Amino acid sequence: MNRCGLRATSCGRGALTPRSSATAAGRPRGGGIAPTGHKPVAVVMYKLPLIVLALCAHVLAAAPTRPNLVLIVADDHGTDALGCYGNPVIKTPHLDALAADGTRFTSAFCTTASCSPSRSVILTGLHNHRNGMYGLQHDDHHFQSFDHIKSLPGLLAAAGYRTARIGKFHVGPEPVYAFQTVLSGGQANDPATIGRSPVEMANQARSVIEAKDARPFFLYFASDDPHRGNAVLPDGKPTFDTWPKPNPFGNRAAGYPGVKPIVYRPEDVRVPPFLPDNAACRAELAEYYQAVSRLDQGVGRLIEILKAAGKYETTLIVYVSDNGMAFPGAKTTLYDAGMKLPCIVRAPGRQHAGAVQNAMVSWADLTPTMLDVAGALREPAAFDGRSFAAGLDGGELRGRDEVYASHTFHEITMYYPMRVVRTRRYKLIHNVAHELTFPSALDLIKSPTWISVGETGGKLGRRSIAQFLHRPEYELYDLERDPDEIDNLADHPAQQSVKAQLIEKLKAFQAATKDPWMRKWSYE
């Protein structure tokens, strides 16, 4: 029985060969004439190899193979906009159904709230400061992982899997993250990308799912939804400037093939506590919700195809997002709104539908987990993360009470290194370059949500703009008493012991993951 509950069965030569000293097909010991009603021994022995071959063929045809793997990665989707995570307004029936048929993780975290770096961690099991993807991959940013890095698609291909990708790619160099089949280019900030049309993505992936190939497949299904939408300027650069109208989040009047648009009223949306409750923000949240519901329909179509092909029961399906929602206070920050994310898993052979997994896991754990499920985790120590395959059906996972995060860049101009340790109760953020003003991403600084706060002199939830932009070296939060991360206890006399313990944990993490910014402790 493998870790997914799939039982491997084999037929070796001689599996049904009778012992020489025992009765074979009614043959009496010591020879003689076969009893009445029994065929002669010579006939039985002649037919036995045929019987063996027939039985082996039947068993091999019925025996489950190694599981297929489907990794669905959303773009900027937080737990704030999913029915199964408690939002009663958003319509995500297909993702909710996946959670009801699988396991919903309640303490899952990205390790950096930026697209390319986070995806590099998802696909390597190494923190971005270790794999070299310090910031965004495209255009002027041009960050790349080191050439020697081994990625999930390469490791699975070496283990005999077919590998394919569709949708947003946004990592590099391509030889490091090579897939055998590329169903779409996956450029970032491309308004015409198929990544905005998730039902089309699913239909295009049929060629991989339905292929007449005995090898299992790994499908990387990466949507551009619900990322903010953009136009492209004459110089080829993206623009997110829509003020005073809300950003469309990829929604368009023409719609998308196979998608039934679900439109939300601004007055109905739920405003997260870290955002301003004003007309501009509500209008943008309504657009964001619509993009999430479009993505949900793509996931539904993908599952429909898997079921029709008879592959659903033998496929591990994992749904995650690269980072939190594309709003100020979430994306590019390491507050929980930026890093605490959806993780829904449906494993073959699952016994406990609708399970809830409370273990703390991070995206550094995804590659070793998927390799473990595939029977291809050869060197667990080669990864910063650890497999949580044993908990895919909701079983207890011990020693899972803290996670770490590492953010250095988003865009090339956005240098702001942060290192984080988060336990169940406390979070310590080390703002390494705290003297700098916290930088804003292009899509966020042009958002009507941000502009509206600046024009009215308002706040981001309970956090002032000054508090958001100018941060101390350390931020320490008691998450049980202060889940919104507002009351910084870093200088509180009663919390100095907690702070010192977490600093030591952070240093140990940086040393273990070969973080170049570890040097800052000694000379700054």
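1. Let's start with who touches whom. Take the contacts in the protein chain between residues at least 6 apart in sequence: 70% of them join residues at least 24 apart. Keep in mind that this is a predicted model.

2. Now the overall make-up. The protein chain holds 15 helices and 15 strands. It has 524 residues, and 55% of them count as buried. As for the outside, the chain exposes about 22100 Å², with carbon and sulfur atoms supplying 54% of that area.

3. On to the open spaces. The largest pocket comes in at about 750 Å³. It is lined by 31 residues, and the ones closest to its centre are Thr79, Pro273, Phe274, Asp336 and Ala337. Try finding those five in the structure.

4. Which elements give two or more residues to the lining of this largest pocket? They are strand S2 (103-109), helix H8 (279-308), helix H9 (336-339) and strand S9 (340-346). H8 gives the most, with 3 residues. Sorted by class, the lining of the largest pocket has 14 nonpolar, 11 charged and 6 polar residues.

5. The second largest pocket holds about 410 Å³ of space. Look for Lys150, Leu155, Glu379, Ala382 and Phe383, which are the closest to its centre out of 17 lining residues. The class split for the second largest pocket is 11 nonpolar, 4 charged and 2 polar.

6. What about closed spaces? The model has 5 cavities of 30 Å³ or more. The largest cavity contains about 70 Å³. Its lining includes a run of neighbours in the sequence, Val259, Lys260, Pro261 and Ile262, along with Asn251, Arg252, Gly255 and Tyr256. Gln290, Arg294 and Gln297 also line the largest cavity. By class, that lining has 4 nonpolar, 4 polar and 3 charged residues.

7. The second largest cavity has a volume of about 60 Å³. Among the residues lining it are Pro328, Gly329, Lys331, Thr332 and Thr333, and also Phe438, Pro439, Ser440 and Ala441. Leu444, Trp450 and Phe468 belong to this lining too. How many residues of each class are there? The lining of the second largest cavity divides into 7 nonpolar, 4 polar and 1 charged.

8. One last thing to try: put the class counts side by side. The largest pocket has 11 charged residues in its lining, the second largest pocket has 4, the largest cavity has 3 and the second largest cavity has 1.

Definitions and conventions
Residues are numbered from 1 along each chain as its sequence is written. This is a predicted model: local features need pLDDT of at least 70, side-chain atom pairs count only at pLDDT 80 or more; totals for chains, interfaces and linings use all residues. Side-chain values use heavy atoms; hydrogens and water are left out. On a 1 Å grid over the protein atoms alone, a cavity is a set of points where a 1.4 Å probe fits but cannot get out, and a pocket is an open set with protein on both sides within 12 Å along at least five of seven lines; lining residues have an atom within 4 Å of a point. Grid points are joined across faces, edges and corners, and a volume is the space filled by probe spheres set on the points. Ala, Val, Leu, Ile, Met, Phe, Trp, Tyr, Cys and Pro count as nonpolar, Asp, Glu, Lys and Arg as charged, and the others, Gly among them, as polar. Helices (H or I, at least four residues) and strands (E, at least two) are DSSP runs, numbered from the N terminus. Buried means under 20% relative accessible area, exposed over 50%, partly exposed in between (1.4 Å probe, protein chains only). Contact means heavy atoms within 4.5 Å. Accessible areas come from the Shrake-Rupley method with a 1.4 Å probe; for residues, only the protein chains shown count as cover.
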